[in-house]
Amino acid sequence: MRRGRRLPELELSEQQRTTLQGWTRRRKTAQALSMRAQIVLRASEGGTATAIAVQMHACIQTVSKWWRRFAEQGLDGLLDEPRPGQPRKLSDAQIEQVIVRTLESKPPAATHWSTRTMAQATGINQTAISRIWRAFSLEPHRSETFKLSKDPLFIDKVRDIVGLYMDPPQRALVLCVDEKSQIQALDRTAPLLPMRPGQIERRTHDYARHGTTSLFAALDTKTGKIIGQNQQRHRSQEFRNFLDTIENNVPEELDVHLIMDNYGTHKTKLIQNWLAKRPRFHVHFTPTSASWLNLVERWFALLTERQLRRGVHRSTKELKAAINDYIDHHNRDPKPFIWHKTADQILDSVARFCKRINDSGH
């Protein structure tokens with residue numbers, strides 16, 4: 001059997017071991033440097049390249065590379081090699097200082113760093129701070145929201161609904177159902193200034209309200225077609241009327257699987273009685289706080305983006321006409337939303353996110 005070159009023995013000084021352990025312990029250190037430090041530490045404890053590769057889910061060539069680099073160059077060997085161009089004016093320690101401060105601290109009397117406040121705190125110019133942040137994909141000015149479902153049946157419901165998307169039953173229709181309530185008919189207080197060369201469209205920031213409507217919609221997951229109905233309110237009576245509309249638009253020989261959320265109007269006695277009289281209708285509830293599982297929400301986003309957000313409607317009649325026109329236009333050439341992630345992939349992703357939250361120290 002062919003064998004590669006024998007890897008050198010590694011003996012770490014106390015200072016080297018302390019530095020390497022610091023690189024691995026920092027909560028938000030660059031992952032590449034953390035991995036290299038772990039390789040060297042495990043190698044110094046007598047681990048083989050093969051065993052380390054298996055433990056760290058890395059290829060043996062990667063383990064061997066950083067093992068040898070450290071043996072030849074010490075701690076500097078674990079850093080990325082300099083690239084051609086003008087010599088750097090900032091040391092590794094200065095760059096590390098900026099990254100650590102950005103990730104692990106806040107400026108006085110503020111919730112996040114800006115390039116100016118970081119420049120004042122570190123004595124490094126603002127342009128250099130911007131370059132460091134771009135290089136490490138740090139964006140302190142940005143923030144996103146998230147919501148985790150606490151539904152005790154979360155796993156079962158995810159598997160049920162994703163199964164309908166990826167392997168729908170034979171001789172059945174899968175419909176994603178929901179309502180977009182309180183859509184406002186808004187008119188600007190002054191006429192729009194249309195777009196022209198060198199000038200974007202402009203509108204007044206204030207508006208006049210002319211009433212609301214609620215849109216009930218059902219998305220056919222196979223074809224992408226929409227069954228829609230505008231109603232003045234969104235109580236269980238209106239929802240039952242919409243179920244009648246669905247029934248009238250679906251061939252009698254097909255079963256109907258309805259995917260919908262846990263909104264109160266979907267579970268009233270009136271709706272339960274309606275469903276009990278129609279055994280071909282099967283209801284699948286999404287987990288609480290998991291509207292992203294309902295594909296009709298994606299269609300609602302398109303409706304808002306393309307018709308509602310910049311629309312001008314002087315009455316609810318105009319608003320309903322605009323919504324119906326959009327539905328008719330969509331149904332002339334519908335495109336289904338294709339679900340790609342399996343239930344296992346979704347659950348693994350949620351598990352990784354939960355672990356990140358638990359390990360964040362907050």
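**Close-up views of the sheet and its helices**

**View 1. Helix 11 lies across three strands of the sheet.** In this predicted model, helix 11, residues 296–308, lies across strand 1, strand 2 and strand 3. Relative to strand 1, helix 11 runs at about 30 degrees.

**View 2. Helix 9 lies across five strands.** Residues 236–249 make up helix 9. The strands it crosses are strand 1 (172–188), strand 2 (207–220), strand 3, strand 4 and strand 5. Helix 9 runs at about 150 degrees to strand 3.

**View 3. Five strands form an open sheet with mixed pairing.** The strand order is 3-2-1-4-5. Strand 3 (226–231) and strand 5 (281–285) are the edge strands, and each pairs on one side only. From one strand to the next, the twist averages 25 degrees.

**View 4. Strand 4 and strand 5 pair in the parallel sense.** Strand 4 covers residues 255–260, and five bridges link this strand with strand 5. Val-256 has Phe-281 of strand 5 as its bridge partner.

**View 5. Phe-285 is a partly exposed residue in strand 5.** The relative accessible area of Phe-285 is 24%; this residue counts as partly exposed because the value falls between the 20% limit for buried and the 50% limit for exposed. Leaving aside residues up to four places away in sequence, Phe-285 touches Lys-157, Ile-161, Met-260, Asp-261, Asn-262, His-266 and Lys-267. Phe-285 and Leu-258 are 27 residues apart along the chain, and 8.2 Å separates their C-alpha atoms.

Definitions and conventions: Residues are numbered from 1 along each chain as its sequence is written. This is a predicted model: local features need pLDDT of at least 70, side-chain atom pairs count only at pLDDT 80 or more; totals for chains, interfaces and linings use all residues. Side-chain values use heavy atoms; hydrogens and water are left out. Two strands pair if DSSP finds at least two bridges between them. Helices (H or I, at least four residues) and strands (E, at least two) are DSSP runs, numbered from the N terminus. Axes are lines fitted to C-alpha atoms, for helices over the stretch in contact, and angles run from 0 to 180 degrees between N-to-C directions. Contact means heavy atoms within 4.5 Å. Buried means under 20% relative accessible area, exposed over 50%, partly exposed in between (1.4 Å probe, protein chains only).
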